[in-house]
Amino acid sequence: MKTKILKKIVWVTGTNGFVGKNLLSLFPKEKYTLYRISNCFKHPTPNSNRIYIDFLDKKHIEKVINEHQIPDLLIHLGWGDVDNPNSNNQITSNVESSKNLIDVFFRYGLKKFVFIGSINEYGEQENILKEEMCPKGKLLNYALGKSMVAKYGFEKSQQYDTAFIHIRLFYVYGTMQRKKSLINSLFECYKKKTKMDLGSCDYFRDYIHVSEAVYGIKLLSELNISTTVNLGSGNAIRLKDFVLKFWNHLGGDENMLSFGSDTFYKNEQIQNYCYADLTKLEALIHWKPTLTIEQGIKLTINNLKKLQY
């Protein structure tokens with residue numbers, strides 16, 4: 001007689017987003033009961049794994065928990081208005097929603113809450129970025145909101161003696177990004193043989209491929225401690241060099257790239273040369289990203305071409 005496998009119950013917010021879509025496949029049905037949590041109301045289809053929760057209404061959060069079993073793990077990826085990093089929503093509704101989830105789920109017995117933060121929480125810090133560093137310069141509201149939620153999460157985890165895992169995610173690239181993302185825009189211009197207007201692209205990014213980003217989130221979600229940890233590649237590349245590598249791997253004509261013709265996105269966080277310190281990441285989960293930029297770009301292009309057909 002086969003032993004019945006006791007599945008872990010996992011709830012994930014933000015599964016319509018780029019990282020969320022890629023994360024889902026790492027929780028196979030054989031081992032996990034996974035629910036996609038959304039604060040955008042849609043009538044669920046029969047046998048759907050989608051659950052609607054009004055994040056701004058604690059009573060509704062309580063109602064939904066009472067209708068379902070409290071999960072073993074909640075991964076909070078959801079964050080509104082991401083295209084407007086300095087909007088007031090970043091420090092109002094986004095923060096209130098996240099605090100409500102933390103409050104209610106911990107009160108109802110949740111043992112582990114994983115919150116996806118951002119490199120932008122470091123502000124204008126340079127060179128190697130260590131988790132214990134304080135932010136430098138003025139933070140955009142997006143980063144400020146993430147920091148506010150992380151601080152609150154740690155306070156509540158101490159109160160309820162639970163685990164709050166704050167992952168500072170660096171710049172993620174790959175397939176299934178928004179249509180107007182840099183990756184998709186480059187790919188579309190290459191296919192249509194049209195010129196790509198770009199800013200100067202003289203700032204730097206620590207880019208991590210989405211396949212490694214979601215794998216790192218999955219491993220970190222298995223921890224049973226409260227901590228902040230970086231999740232990046234541990235390397236920095238000038239954005240212009242990244243664009244050129246991507247374009248050249250596509251086989252595009254460099255004359256079709258017009259650097260400096262588009263104005264720098266005024267709301268984007270200024271980022272000097274910096275990269276993630278992965279010492280803590282490797283110590284905690286005995287793993288760190290290994291894909292080179294070239295390998296990640298090739299994988300992205302191959303996947304984009306597959307999605308095209």
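**Figure 1. Charges over rings: Arg-205 sits over the face of Tyr-171.** The distance from Arg-205 to the ring centre of Tyr-171 is 4.1 Å. A second case has Lys-146 over the face of Trp-79, at 4.3 Å from the ring centre. A charge counts as over a ring if NZ of Lys or CZ of Arg is within 6 Å of the ring centre and within 35 degrees of the ring normal. A note for this and the other views: the model is predicted, so local features need pLDDT of at least 70 and side-chain atom pairs count only at pLDDT 80 or more, while totals for chains, interfaces and linings use all residues. Residues are numbered from 1 along each chain as its sequence is written, and side-chain values use heavy atoms, with hydrogens and water left out.

**Figure 2. Trp-79 again, this time as part of an aromatic cluster.** Together with Trp-79, the cluster takes in Phe-106, Phe-113, Phe-115, Tyr-142, Phe-154, Tyr-160 and Phe-164. Rings of Phe, Tyr and Trp (its six-membered ring) pair if their centres lie within 6.5 Å; planes under 30 degrees apart count as stacked, over 60 as edge-to-face and the rest as tilted. By that rule, the count comes to 19 aromatic pairs.

**Figure 3. Tyr-173 and its pairing with Tyr-207.** These two rings have centres 5.6 Å apart and planes at 80°, so they go down as edge-to-face. Tyr-173 lies in strand β8 (residues 171-173) and Tyr-207 in strand β11 (residues 207-209), so the pair ties together parts that are 34 residues apart in sequence. Helices (H or I, at least four residues) and strands (E, at least two) are DSSP runs, numbered from the N terminus. Tyr-173 is buried at 3% relative accessible area, and Tyr-207 is buried too, at 12%. Here buried means under 20% relative accessible area, exposed over 50%, and partly exposed in between (1.4 Å probe, protein chains only).

**Figure 4. Tyr-173 also pairs with Phe-242.** The ring centres of Tyr-173 and Phe-242 are 5.3 Å apart with planes at 80°, so this pair is edge-to-face. Phe-242 belongs to helix α7 (residues 239-250) and Tyr-173 to strand β8, so the contact ties together parts 69 residues apart in sequence. Both Tyr-173 and Phe-242 are buried.

**Figure 5. A salt bridge between helices: Asp-103 in α3 and Lys-156 in α4.** The N to O distance in this bridge is 3.6 Å. It links distant parts of the chain, with Asp-103 in helix α3 (residues 93-107) and Lys-156 in helix α4 (residues 141-160), 53 residues apart. A salt bridge is a side-chain nitrogen of Lys or Arg within 4 Å of a carboxyl oxygen of Asp or Glu, and the structure holds 16 of them. Both partners are buried: Asp-103 has a relative accessible area of 9% and Lys-156 one of 17%.

**Figure 6. Lys-136 and Glu-126 bridge two loops.** Their closest N and O atoms are 3.9 Å apart. Lys-136 lies in the loop between β6 (127-129) and α4, and Glu-126 in the loop between β5 (112-118) and β6, so the bridge ties together parts 10 residues apart in sequence. Lys-136 is partly exposed at 40% relative accessibility, as is Glu-126 at 37%.

**Figure 7. A salt bridge within helix α5 joins Glu-188 and Lys-191.** The closest N and O atoms are 3.0 Å apart. Glu-188 and Lys-191 are three residues apart in helix α5 (residues 182-192), so about one helical turn separates them. Both are partly exposed: Glu-188 has a relative accessible area of 30% and Lys-191 one of 33%. Elsewhere, salt bridges that share partners join Lys-58, Asp-103 and Lys-156 into one network.

**Figure 8. Two residues with positive phi, Asn-127 and Met-176.** Most residues other than glycine have a negative phi. Asn-127, not a glycine, has a positive phi of about 60°; Asn-127 lies in strand β6 and is partly exposed at 44% relative accessible area. Met-176, also not a glycine, has a positive phi of about 75°. Met-176 is found in the loop between β8 and α5 and counts as partly exposed at 35% relative accessibility.
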